[in-house]
Every structure is written in structure tokens, then in C-alpha cells.
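Please look through the structure shown below with the sequence at hand. The paragraphs after it go through its sheet, its cores, its salt bridges and its aromatic rings.

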Amino acid sequence: MSWMIILCLFSFPSLAETHLDPIEVQAKKDIKRFTFSVSEEISSAEMESQPLGILSPQLEKIPGLISGQNGGPGGRITFFLRGTESRHLSFNLDGLKINDTSNTDRQFDAAFMTTPFLKRVNIFKGPQAVLFGSDALSGLVELETRKGEMAPEGRFSFSVGSFGTIGSSLTKDWKTTKSQGTVSLLRLHSDGVSRLNEKRYDAKEKDSTDIMQLTSSSKHKLNEKVEIDFLLGQLRGEAELDGDKDDNIFDRSQNDQYLLQQKANIFLSEDQAFSFRTGLNRHQRFNRSLAQGNEFFNGNLFQNELIHRYERGSLGLISGLSSEKETAKTKDLNGSFSLKSLYIQSAFQKDGLKFHAGGRLDHHSRYGTFKTGAGGISFHQLSLQYSQGYKAPSLFQLYAPNNIGNPNLTPEVNHYLELLWEKKRYNFETSASFFQNRLSNLFDFVFGSGYVNQKRFVAEGVEVTAKLKTRLFDFFSSFTHQSFKDSTGPVLRRPNNSAQTGISFLPKETMEINVLVRWFSSRKDFEAKLNSFEVVDIAFKKTFDQSDISIQIKNILDREYEEIYGYSVLPLSIFTNYGYRF
């Protein structure tokens, strides 16, 4: 902990009013520029209106992104995007991959990720393997940190709510003549609810959770051509977990995540730039259980990447070289593998006509060389694109003891096709997307045989969205239908239909009232068919000169439902937050 505090303070110079000069072209993987992928954005204002400062409730609002949580706050939460598996969605923070390397299948657990230090979140649907490699088989959640954009402002917030929930955060934006950045600290505790479903298991014991997050993100202009970025972060999440069908078993998990990244941006000219970054994503997980004793998992991902971007008129090119090394260590496992990559992506736009094309070449220390590609064409409001994705096995899936791991596994593959129509006006937006994911070589766990490549299925469907803004109201509505065919096994925890409608009432510039209604059709799980359900949330926010107050009522109808068989969800609950800017 102490080294994180020292590093954060080191990147916190004295305050000043001077602004950095704007940069024209940055060597950044701009997905909106280089693909036609359907994207959704979560702004910092939306994140601030969420009283507890947790990321997952914001992601739950994204059309086509289905959540599943093992109980209330602190329970493991995963997301299924357009019918794909939860492990197929990649998360990165300022370009740093942050999927959990200590996890059995290297998926990201969003239960403990907080938002006060974030500037925006972008969700991109469809494989992003050309630019982001393995794990981005179905899509990408891109987290962008604040870097002093609100300097010299600071913000303190205090939250309280149902189930003994209490939390606070402190965020400070700073700026000097050639540097600027943001430092953020958050603490949150909740007595919680029982992880296990009370009706199924007569579970009444509350399962608590504690979250602490400390981050520092900054950029430093050395001269007119060179800029340096630093990202430092420590996240600790502790959660009490119920045993299998018994909520009295003491079972507690502690997840420590450490993030470290340095990035050098070199601006050669107005239309050309380089970027070199090196980073570390480390996960250390401690499980303490009366039944299984103490377990320790240590996973590391070391990343290096060189990016070149060129923009001239209607043409854009981005290319890069990257290397990754993943290591995992447990009581019974100690392994590693490396991945070296070369990629290029192009985009062209002229008079309403756009197209993009790109490819990636990967050399895996276990599997040798394999390729992925993407391409698309767009004319005015209509676009068609094809892309490939893949996911390499985790070290646990390869080398776990007791015949669980399988070193002969081959990477999972996705062939994705999407037809998109969208229309945008100054106060109205609508879109319709037809998509198909063809997944093969999927990993499956078979009792007695361990991990094998034996599953495949096709997930296809349609997603329709509409947004309307008026002087007093903002409306949002979406509907997603997905169906599954050619399946060699059950497709679990993904409903065929989901819809949501949101209404925002803005009687004054400083006041906002939001109502969100979400509906999900029935879904299959291992042991049962889970019923359809609807959830209604209401939120209120009032802004004053230097402060703001927000109130959120979740599950106002107090619906009892399951996202995962046997696990509970939050009943009717109320959370409030007071924020003060200084």
C-alpha cells in the first residue's frame, strides 16, 4: 500500500492555471475511426449520478449486454454480449488489458471496479481482435481515465444506503505548466445481503463486501513533440461468499489488483504520431474457506506495444507491434506463455462512402502463428462489416493439475457479421442492427475429463434503439432479440429477449429525475429455467453551486428474480450520495 501512496504523490505537482497545447493526431486505437462497430458511451456525468461509484450498474444499462451476478454487492458479476460467453468480452484501461489473469478463464469481474477516476467508458460490440488481440472475441469495454481535465477542481463524495452501505471518495484534478493529472481514493463497505437465494436455501446470513481503490493518472509534456503518460492503481475487493447451498459456511475472498503503465507519445507532425507503452496488470486472489482451507492465486500480464498512426485527408492508417507475457502461480500451478503480434488497420472516407480493412498476425509460444482479419463498407446510414475474433486458453485451462488442464486446447474462434442502419438528427437518433456470431472450438469443462474443445453455436439476432431529446424530457428505448442454433451444448444464462426504456425529466438545468425500466425474458441455467422479470429503478439528482445530491431507488417494485440459479439479487433498496466540489 505504501508504495502506491508514494507513487501517487510523486505525480501530484503544485497547482497552476496554464493549459496544455492541443494535440492534433495521437497514436491511439480509435475504434470509432477505424471500424463501424456499434458503440455506447457512458459519460463522467452519468457515472457521478450513480451514488455508490460502482461501474457495473452503468454497464447493466447497455443494450445487448446481459449481466449475471452471484448475489448482491461484491458478488462476482459477468457480462454476456450479444449471445457470446462472458469470457469473450475484453476490458482495458487506457489501453492496458485488465482482464483477471488469476481467473480460471481470464474473464473480467466487474464487481469491484469503481468510477470516480474515469472520464468515460466506451462499449464496442463485435470482435476487436485486429487492434486488441485475444480476449476481445465478442467486444471491448474501454475505460478512459481522467487526466486533470477539471483542474484545479476537487470533489469529495459521501454515500449511505440500504444494508449498512457506507462509502466515500476523494478525487483531485491538478494542472501545472506542462503536466496535469487526477488522483482518486475510494472506500466502500456494505453489510450486503445473502449471496444465496433465501427461498431456495433458507439463506438469511448477510455477506459483506469492502472495496478500496487508489489511482493516479497523469500526462507530462516534455516538449512540443513528446508527451509522457503515467497510470498507477491499486484495487482491493473483499467479499464474504456463501458456501455451496449453505450460507453458514465461512468463505471469504480477497482480490488485489495492481495496475502500472507508462506511455510515451511522440508527435512527428500534424498527421503522424507514435506511441510506446509498457504496462503490468497483476491480480492476487486469496480465498479462505472452512471447507477447502486457504488458496492463493497470482496472475500477471506484462504488456509492451508500439503504435504508429497516420492521417492524411480521407485516409487513416494505424499499425503496431506488441508483446505480452502471461504468468500464473498457485499452490499446484506455475506456468507462463508469451504472445507477439503485428497488426494494421486502415480506414477511408469520401462523400458518404467509407470502408475499413485490417489484419493481425499473432505468434503464440504454445500454438505458433495464427491470423485474424476485419473489413467493412458503409454508405451514408447503411454499413456492413465482417470481423474475426479469437481467445487463447488461460494458463489454468492449459496446465491445471488433477487432469483438469489440457495443453492440447486450441484457441476459440468467432466469425462475426453485422448489418447496421442508423439515422441521426439534432434531437433524435435511431438504429437497427442485425448480427451473427459463429463461435467454434469453444472450451468446455467435462467432469472427469477436464477442459476440452467441443462446443460450438451460432448466436444471431436484431437490436433496435431510439433516443429523443426535448426541452424537458430525454427518452431512450431499446430491444434486443437473440436466438441460438447449431449448438452442441446448452447456452446458459442468456435470455432470448430483453428491452429497456428510460425517461429523464429535466424541469431545471440543475435538476434531473430518471426512471429506468428493464425487462428480460426467461433464460436457462444448469439446474432450472429462470423466469422472466422486470426491474424498475428511479434516480434523482440536484446540483447546487459547489455541491450535488443524488438519490437512487433500485428495484422499486421489490421483484424477486434470479440472474443465476440459486443466487440472490438486490431487493428494494435506497442509496444516497452527497458530493462537494472544491
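What follows is a walk through a predicted model, starting with strands and ending with rings.

Begin with the open sheet, in which five strands follow the order E1-E6-E7-E4-E5 with mixed pairing. At its edges are strand E1 (39–43) and E5, each of which pairs on one side only. In general, strands of a sheet pair through backbone hydrogen bonds, either parallel or antiparallel. For E5 and strand E4 (residues 89–93) the sense is antiparallel, and the pairing runs over two bridges. Within this part of the sheet, Leu93 stands opposite Leu96 in E5.

Leu93 also leads into the nonpolar interior. The largest nonpolar core has 38 residues, and Leu93 is listed with Leu59, Ile98, Met113, Val121, Val141 and Leu143 as having the most contacts inside it. Several strands each supply at least two residues of this core: strand E3 (77–81), E4, E6, strand E7 (139–145), strand E10 (179–190) and strand E12 (226–240). Val141 shows what such a position looks like in detail. Not counting residues up to four places away in sequence, Val141 touches Leu59, Leu89, Ser90, Phe91, Asn92, Val121, Asn122 and Ile123. Apart from the largest core lies another, of 14 residues, with Phe34, Leu140, Ala273 and Ala347 among them.

Charged side chains come next. Side chains of opposite charge can pair when their charged atoms come close. Across the whole structure, a search finds 41 salt bridges. One of these joins Glu324 to Lys97, with 2.7 Å between the closest N and O atoms. This pair links distant parts of the chain, since Glu324 is in strand E16 (residues 315–329) and Lys97 is in strand E5 (residues 96–97), 227 residues apart. Are the two partners buried or exposed? Glu324 has a relative accessible area of 15% and is therefore buried, the limit being under 20%. Lys97, at 9%, is buried too.

A second salt bridge also reaches strand E16. Here the side chains of Arg106 and Glu326 meet at 3.4 Å, N to O. Arg106 is in the loop between E5 and strand E6 (118–125), Glu326 is in strand E16, and the two positions lie 220 residues apart in sequence. Both Arg106 and Glu326 are buried.

The salt bridge of Lys469 and Asp474, again 3.4 Å from N to O, has another setting. Lys469 has a relative accessibility of 51%, so it counts as exposed, while Asp474, at 22%, counts as partly exposed. Elsewhere, salt bridges that share partners join Glu40, Arg82, Lys125, Glu418 and Glu463 into one network.

The aromatic rings form the last topic. A pair of aromatic rings is described by the distance of the centres and the angle of the planes. The search of the whole structure finds twelve aromatic pairs. Phe370 and Tyr390 make up one that is edge-to-face, at 4.7 Å centre to centre with 80° between the planes. Phe370 lies in strand E19 (residues 368–379) and Tyr390 in strand E20 (residues 382–391), so this pair ties together parts that are 20 residues apart in sequence. Phe370 and Tyr390 are both buried.

Why is the pair of Phe473 and Phe475 stacked? Its ring centres are 5.9 Å apart and its planes meet at 25°, and planes under 30 degrees apart count as stacked, so the pair falls in that class. Phe473 is partly exposed at a relative accessible area of 30%, and Phe475 is partly exposed at 35%.

Ring pairs also link Phe396, Phe445, Phe447 and Tyr451 into a cluster. Phe445 from this cluster touches Gly450, whose other contacts beyond its neighbours within four places in sequence are Asn403, Ile404 and Asp444. Gly450 belongs to strand E23 (residues 450–469) and, at 3% relative accessibility, counts as buried.

Finally, two rings have a charge over them. The charged end of Lys29 sits over the ring of Phe132, 4.6 Å from its centre. Arg523 lies over the face of Phe520, at 5.7 Å from the ring centre.

Key
Residues numbered from 1 in each chain as written. Predicted model: local features only at pLDDT ≥ 70, side-chain atom pairs only at ≥ 80, totals over all residues. Heavy atoms only, no water. Phe/Tyr/Trp six-rings, centres within 6.5 Å; stacked < 30°, edge-to-face > 60°. Helix = DSSP H or I, 4+ residues; strand = E, 2+ residues; numbered from the N terminus. Buried < 20%, exposed > 50% of the residue type's maximum accessible area, 1.4 Å probe, protein only. Lys NZ or Arg CZ within 6 Å of the ring centre and 35° of its normal. Contact = heavy atoms within 4.5 Å. Salt bridge = Lys/Arg side-chain N within 4 Å of Asp/Glu carboxyl O. Pairing = 2+ DSSP bridges. Core = buried A, V, L, I, M, F, W, Y, C linked by side-chain atoms within 4.5 Å.
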